[in-house]
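Visitor: I would like a quick tour of this protein. Can we begin with the empty spaces and then turn to the helices?

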Amino acid sequence: MAGVVERRSIDVVPDAERHGRAFSQFTLWLGANLQITAVVTGALAVVFGAPAFWAVFGLLLGNLLGGAVMALHSAQGPRLGLPQMISSRAQFGVRGAVVPLALVIVMYIGFFASGSVLAGQAVGELTHLGDTPGIVLFALVTAVAAAVGYRVIHALGRVASLVCALAFVYLGFRLLERADLAELLAERAFSFPVFLLAVSLSASWQLAFGPYVADYSRYLPRSTSARATFWWTLGGSVLGSQWSMTFGALAAAAAGPAFVGHEVGYVVGLGGAGLMASFLYFVIALGKLTINVLNTYGGFMSMVTGVSGFRGQRELGPRARAGYIAAIMVVGTAVALAGKDSFLTSFKDFLLFLLTAFTPWSAINLVDYYLVAKERYDLPALSDPQGRYGAWRWRALTVYAVGLAAQFPFLATHFYTGPLVDPLGGADISWLVGLAVPAVLYWLLARGDTAHIPERTILTAPPATPPGPRGTGPAVATGTERAAEAEAR
């Protein structure tokens, strides 16, 4: 068991512990997206007014755009060997990174809760215990799997990618036996606002993975091609999500009001009764377990990252790890039980809120990594508030605040609608503004501020102050250290 339970938390993964191939990102993200919440996300586009034909195209466009941003984050993992949000300290400061981290933690708890609602329905039917015990039981299993860590997460991804793919093929055939595909796609009336809603729903789905996607690529060998990591991540995530969302859009178009509020029951009902129904309930629970373990693990990493910025903590013991994960489970389960009766409307607004919060963060992180720092970071300094990145980097924090504020005039949710939404015909383009404004502004402000950027990536802290030959200075780097630094250039 010692070789299975993960020892690393927010510390750098040493080269000696790296393993795997970039293809592992494909199976992980395929399995994570072939699941019931993605089905519901696709259905939302139809439930809120889009014809199935335009819903499918809008969802595809959003998945490709958001997936490309998410996959660019994934490519950072092998290079840095760090959880995604730790690298944010290079932009926001060792302590300043707690600002986007707070919203990230809210995201994880929200996704844990929404996933537990749907999975709880499946577990409740499978065990005949009902929804509430099903939610609690599912949350407990999720917490245990997250505590084991990285290896079990990838194992779940491989199993879920195969089992869920077979189940969705079967369900697709069953849906087309009940409904005429040509009839479902016959309505072609185009409405720009609802088309943009479909794009925004799937884009937000992909962008929400950005704050933790590198957590699952950081164990890949440092020599792993960034291009391979990008394409395998993009391929798995877009294929899995578009497959699920297309099924959801068609199912909602075929079922009409019968789908709303009975998502799990309708999907299982397509497959039949008896043993097949039990198998489909298991598939739904398995798919949700895969993604909820990612959410719990990511929430744990984000909480540790936030706390460690103030405590100077780099490693975490088993008890502390269990405590963080238990906290996420308890809060997420409470939210799930409180909101399970108004799921669809709440989930749509939650997704759009996430889009508002994370597009500025993604823009700043990617512009800094690829255009300003050009992949050169001082990894030890990311844990030192007195180091080259400092405790608070106000330039990035200001740009982040401007990026958030710039979106509100264009935001359309159930509880708030910006003043520029009506002139645009009701279209929500806040996420486009949230990407473009902070990206351009941060690049303009940061491109000349390069004094804190090292000439090459620094992997380890230098020795204390050992004398060099004749005591004239620090010792010369070893051949191993020079080779590691050369490889990281």
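Visitor: How do the residues of the lining of the largest cavity divide into nonpolar, polar and charged?
Guide: Bear in mind that this is a predicted model. The lining consists of Leu34, Gln35, Ile36, Cys164, Ala167, Phe168, Leu171, Val267, Leu280, Val283 and Ile284. Gln counts as polar, and the other residue types in that list count as nonpolar. The division is therefore 10 nonpolar, one polar and no charged.

Visitor: Which element gives the largest share of that lining?
Guide: Two elements give two or more residues to the lining of the largest cavity: helix 9 (150–178) and helix 14 (275–311). Cys164, Ala167, Phe168 and Leu171 are lining residues with numbers inside 150–178. The largest share is four residues, and it comes from helix 9.

Visitor: What is the volume of the largest cavity?
Guide: Rolling a probe the size of a water molecule over the atoms shows where empty space is left. The structure holds three cavities of 30 Å³ or more. The largest cavity has a volume of about 90 Å³.

Visitor: How do the residues lining the second largest cavity divide by class?
Guide: This cavity holds about 40 Å³ of space. Its lining is made of Phe111, Trp205, Ala208, Phe209, Tyr212, Ile291 and Asn295. Asn counts as polar, while Phe, Trp, Ala, Tyr and Ile count as nonpolar. That gives six nonpolar, one polar and no charged.

Visitor: Now the helices. Are helix 17 and helix 18 roughly parallel or roughly antiparallel?
Guide: Two packed helices are described by the angle between their axes and the distance between the axes. Helix 17 (residues 394–407) and helix 18 (residues 430–446) pack at about 155°, with axes 8 Å apart. Angles over 145 degrees count as roughly antiparallel. So helix 17 and helix 18 are roughly antiparallel.

Visitor: How many charged residues are in the contact of helix 17 with helix 18?
Guide: The crossing of these two helices is right-handed. On the side of helix 17, the contact includes Arg395, Ala396 and Val399. Arg counts as charged. The contact divides into 12 nonpolar residues, four polar and, as charged, one.

Visitor: Are helix 3 and helix 12 roughly parallel or roughly antiparallel?
Guide: Helix 3 (residues 52–74) and helix 12 (residues 226–255) pack at an angle of about 155°. Their axes lie 8 Å apart, and their crossing is right-handed. The cut-off for roughly antiparallel is an angle over 145 degrees. Helix 3 and helix 12 are therefore roughly antiparallel.

Visitor: How many polar residues does the contact of helix 3 with helix 11 have?
Guide: Helix 3 and helix 11 (residues 192–207) pack at about 30°, with axes 7 Å apart, in a right-handed crossing. Helix 3 brings Gly58, Gly62, Asn63, Gly66 and Gly67, among others, and helix 11 brings residues including Ser202 and Gln206. Gly counts as polar here. The contact has 12 nonpolar residues, no charged ones and, as polar, seven.

Note on methods. Residues numbered from 1 in each chain as written. Predicted model: local features only at pLDDT ≥ 70, side-chain atom pairs only at ≥ 80, totals over all residues. Heavy atoms only, no water. 1 Å grid on protein atoms, 1.4 Å probe; cavity = no way out; pocket = protein on both sides within 12 Å on 5 of 7 lines; lining within 4 Å. Points joined across faces, edges and corners; volume = space filled by probe spheres on them. Axes fitted to C-alpha atoms, helices over the stretch in contact; angles between N-to-C directions. Parallel < 35°, antiparallel > 145°, perpendicular 65-115°, else oblique. Left-handed = near helix turned anticlockwise from the far one by under 90°. Contact = heavy atoms within 4.5 Å.
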